[in-house]
Amino acid sequence: MDYQMEELLPIVSELAQKYAGYESTSITYEKAQLLMEAVLFCLNEYNSSATDSLVQRDISVKEQYSIGAKLLFEKVENIRKIFNEISFQFEDFGVKCLYDTVQKGIPQFLKWYDIKFCPQNTILTLDYPLLIDCSFLTGADAVYKYIRAIQTEQIFLRKFDKNYVMLVLEKYNSEYSDMIENICSIVLTDIIGHIAIKKPLNDIDFLYEEYLQLSKIFAGKSISDIENVVKDLIKKIVSRFYENDMDMLEYLCYETNNIAVRIYTANQHEQLSKIFVS
């Protein structure tokens, strides 16, 4: 929604007075710009999060800003709640980037996030990569989407024996503790290989004949065709282990193209052992 400058300036001015402690309205131009961004961030929160009935109400821009700020506060509280929930059983499998981003980073965000004067500041770099893209978001919007994805990943990984997950990571990269890659993608790909040839997860190490089976499944297929096969296999995994959890299915399917490209390339060069590792 577009706003006129004359609608925004009174809100920014009031915010500037609060920032200066009502002692002076003299703030730097750079700070004034940041406060304008803060106001627009809250207004965007209102427009993107408010219910239809609320958006359709004839309310002032200032009230929209106040509602947006309140919604933002609630989002931060949800971040805190989700973080507390996952912390009880959080498992980083020895991957330093995952541990640092979540267990060190999120508490820092909750400690320093400034809803009133700088809600657009994400504070964190969110280095551990997800299956989804959060780079277009900032502030609490980015961290909320991020922590929800981490929660989904933790649920995904907890279904499998820790030793199996760590074995997959070890075979994928002997120095996996220092890697900056998504764990779920690596484990999911290996599970897809097992499901594709009906190989039990506790049956460790693909045999030569099993790699031939996998090669035949994907041979002659385009990346798009392989993507469809991968998606069907992910559906089987979600049905078998997660009671058809649609949120889980949606999240894992973000990785279908990446997995399909890797399988296609590996199969072309007879290197499926680098994709299906355990």
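Which residue's side chain does a polar contact of 3.4 Å join to that of Thr189? In this predicted model, the partner is Arg262, whose side chain meets that of Thr189 at this distance. Thr189 belongs to helix H8, which covers residues 183-196. The threonine is buried, and its relative accessible area is 0%. Once neighbours within four places in sequence are set aside, the residues in contact with Thr189 are Ile259, Arg262, Ile275 and Phe276. Arg262 thus appears both in this list of contacts and as the polar partner of the threonine.

Phe276, one of the contacts of Thr189, leads on to the nonpolar interior. The largest nonpolar core comprises 93 residues, and Phe156, Ile183 and Phe276 are those with the most contacts inside it. For Ile183, the residues touched, not counting those up to four places away in sequence, are Asp92, Phe93, Val95, Leu98, Tyr128, Leu157, Val165 and Leu169. Phe156 turns up again in an aromatic cluster, where it is joined by Phe160, Tyr164, Phe241 and Tyr242.

Aromatic rings deserve a closer look here, as a search of the whole structure finds 10 aromatic pairs. In one of them, Phe206 and Tyr211, the ring centres are 5.5 Å apart and the planes stand at 40°, so this pair counts as tilted. Phe206 and Tyr211 are both buried. Phe218 and Phe276 give a stacked pair, with 6.3 Å from centre to centre and 15° between the planes. Because Phe218 lies in helix H9 (residues 208-218) and Phe276 in the segment after helix H12 (256-268), the pair ties together parts that are 58 residues apart in sequence. Both partners of this stacked pair, Phe218 and Phe276, are buried.

The ring of Phe206 has a further companion, since Lys199 lies over its face at 5.3 Å from the ring centre. Lys199 also takes part in a salt bridge with Glu210, in which the side chains meet at 3.0 Å, N to O. This salt bridge links distant parts of the chain: Lys199 is in the loop between H8 and H9, whereas Glu210 is in helix H9, 11 residues apart. What is the exposure of these two charged residues, buried or exposed? Lys199 counts as buried because its relative accessibility is 4%, under the 20% limit. Glu210 is buried as well, with a relative accessible area of 12%.

Across the whole structure, 11 salt bridges are found. Another of them brings together the side chains of Asp178 and Lys96, at 3.2 Å, N to O. Asp178 sits in the loop between helix H7 (162-172) and H8 and Lys96 in helix H5, so this pair ties together parts that are 82 residues apart in sequence. Lys96 is partly exposed, and its relative accessible area is 47%.

Helix H5 also holds Asp100 and Lys104, whose side chains meet in a salt bridge of 3.5 Å, N to O. Why are Asp100 and Lys104 separated by about one helical turn? The reason is that these residues are four residues apart in helix H5. Asp100 counts as partly exposed at 35% relative accessibility, and Lys104 counts as partly exposed at 48%. Elsewhere, salt bridges that share partners join Glu14, Lys18 and Lys62 into one network.

The backbone offers two points of interest as well. Most residues other than glycine have a negative phi. Phe93, although not a glycine, has a positive phi of about 55°. This phenylalanine, one of the residues that Ile183 touches, is placed in the loop between helix H4 (61-87) and helix H5 (96-112). With a relative accessibility of 4%, Phe93 counts as buried. Leu126 likewise has a positive phi, near 50°, in a residue other than glycine. Its place is in the loop between H5 and helix H6 (139-158). Leu126 is buried, with a relative accessible area of 16%.

Key. Residues are numbered from 1 along each chain as its sequence is written. This is a predicted model: local features need pLDDT of at least 70, side-chain atom pairs count only at pLDDT 80 or more; totals for chains, interfaces and linings use all residues. Side-chain values use heavy atoms; hydrogens and water are left out. Helices (H or I, at least four residues) and strands (E, at least two) are DSSP runs, numbered from the N terminus. Buried means under 20% relative accessible area, exposed over 50%, partly exposed in between (1.4 Å probe, protein chains only). A polar contact is a pair of N or O atoms within 3.5 Å; within protein, one must be able to donate a hydrogen and the other to accept it, and residues adjacent in sequence count only if both atoms are side-chain atoms. Contact means heavy atoms within 4.5 Å. A nonpolar core is a set of buried Ala, Val, Leu, Ile, Met, Phe, Trp, Tyr and Cys residues joined through side-chain atoms within 4.5 Å. Rings of Phe, Tyr and Trp (its six-membered ring) pair if their centres lie within 6.5 Å; planes under 30 degrees apart count as stacked, over 60 as edge-to-face and the rest as tilted. A charge sits over a ring if NZ of Lys or CZ of Arg is within 6 Å of the ring centre and within 35 degrees of the ring normal. A salt bridge is a side-chain nitrogen of Lys or Arg within 4 Å of a carboxyl oxygen of Asp or Glu.
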